[in-house]
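Colleague: Could you walk me through this model before I head back to the bench? I have a few loose questions.

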Amino acid sequence: ETYVIFSVRGETFPAHKIILATQSPVFKAHLYGKMKETKERCMTVEDMEPNVFEALLNFIYTDALPIFGDDNYIDDDDYSKIIKNLLVAAGSYAMDRLKLLCTSVLVEHIHVETVASTLALADQHNCKNLRDMCIEFMASSDNMRAVVATEGYANVKRTCPYVIVDVLEKTGRCYKM
């Protein structure tokens with residue numbers, strides 16, 4: 001077979017095996033390696049929403065991030081969520097260019113309400129540039145008070161407090177010994 005069908009939470013997506021394999025070493029291993037998936041014509045993806053998987057396939061075929069125009073309008077928050085999930089997918093499928101593009105979009109969408117969760121995501125997925133930009137944003141005196149009041153900041157403080165130390169060092173409130 002030259003194609004595979006993905007089932008993603010009830011939606012199906014056909015794709016060409018060779019195209020997937022050339023864009024991702026993970027797909028290559030799944031589709032052409034010695035794993036049992038190589039014989040299967042239908043594969044199930046359980047850790048992703050259909051719209052994110054569709055964006056992943058779109059990138060694989062077009063080398064471009066999804067564009068939401070007049071026909072399928074999406075607000076900035078929803079777009080950021082899709083891009084964050086696409087960043088995670090890029091890491092899962094070892095697609096460095098997609099990860100880089102997602103990072104550049106997220107840098108442009110940093111704001112008080114989402115910077116802490118974006119920082120946690122960047123830290124978790126080793127996106128140094130995005131992490132540094134989030135820290136820089138948070139460390140600015142105008143933003144820090146507002147960021148500290150967000151739920152995202154409370155989550156970051158609880159789940160990865162070492163990141164908060166980096167922010168505090170950047171603001172000059174805490175110094176390395």
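Colleague: To start, where is histidine 125 placed?

Modeller: Histidine 125 sits in the loop between α6 and α7 (128-139), where helices (H or I, at least four residues) and strands (E, at least two) are DSSP runs numbered from the N terminus. Please keep in mind that this is a predicted model, in which local features need pLDDT of at least 70 and side-chain atom pairs count only at pLDDT 80 or more, while totals for chains, interfaces and linings use all residues. Residues are numbered from 1 along each chain as its sequence is written, and side-chain values use heavy atoms, with hydrogens and water left out.

Colleague: Is histidine 125 buried or exposed?

Modeller: Histidine 125 is buried, because its relative accessible area is 17%, and buried means under 20% relative accessible area, exposed over 50% and partly exposed in between (1.4 Å probe, protein chains only).

Colleague: And which residues is histidine 125 in contact with, leaving aside its neighbours within four places in sequence?

Modeller: With those neighbours set aside, histidine 125 is in contact with Val88 and Lys99, contact meaning heavy atoms within 4.5 Å.

Colleague: What about asparagine 126, buried or exposed?

Modeller: Asparagine 126, which also belongs to the loop between α6 and α7, is exposed, with a relative accessible area of 66%. Its phi is positive, near 55°, in a residue other than glycine. Alanine 94 likewise has a positive phi, of about 55°, although it is not a glycine; alanine 94 lies in the loop between α4 and α5 (96-108) and counts as partly exposed, at 36% relative accessibility.

Colleague: Stepping back, how many helices and strands does the chain have?

Modeller: The chain has 10 helices and three strands, and from the N terminus on the elements run β-β-α-α-β-α-α-α-α-α-α-α-α. Of its 177 residues, 42% count as buried. Among contacts with a separation of 6 or more, 57% are accounted for by residues 24 or more positions apart.

Colleague: Now the helix packing: at what angle do α4 and α6 cross?

Modeller: The axes of helix α4 (residues 76-92) and helix α6 (residues 115-124) cross at roughly 10° and come within 11 Å, the axes being lines fitted to C-alpha atoms, for helices over the stretch in contact, with angles running from 0 to 180 degrees between N-to-C directions. The two helices, α4 and α6, are therefore roughly parallel to each other; angles under 35 degrees count as roughly parallel, over 145 as roughly antiparallel, 65 to 115 as roughly perpendicular and the rest as oblique. Lys84, Leu87 and Val88 of α4 make the contact with Ser117, Thr118 and Leu121 of α6.

Colleague: How are α9 and α10 arranged, parallel or perpendicular?

Modeller: Helix α9 (residues 151-159) and helix α10 (residues 161-171) have their axes 5 Å apart and pack at an angle of about 110°, so α9 and α10 are roughly perpendicular to each other. On the α9 side the contact involves Tyr153, Val156, Lys157, Arg158 and Thr159, and on the α10 side Pro161, Val163 and Ile164.

Colleague: Different topic, which residues line the largest cavity?

Modeller: Ser80, Lys84, Leu106, His109, Ile110, Thr114 and Thr118 line it, and about 30 Å³ of space lies in this cavity. On a 1 Å grid over the protein atoms alone, a cavity is a set of points where a 1.4 Å probe fits but cannot get out, a pocket is an open set with protein on both sides within 12 Å along at least five of seven lines, and lining residues have an atom within 4 Å of a point. Grid points are joined across faces, edges and corners, and a volume is the space filled by probe spheres set on the points. Serine 80, whose place is in helix α4, is buried, with a relative accessible area of 11%.

Colleague: And what volume does the largest pocket have?

Modeller: The largest pocket has a volume of about 150 Å³, and of the 11 residues that line this pocket, the closest to its centre are His30, Thr44, Val45, Asp47 and Tyr93. Strand β3 gives the most to the lining, with three residues. Threonine 44 lies in strand β3 and counts as exposed, at 54% relative accessibility.
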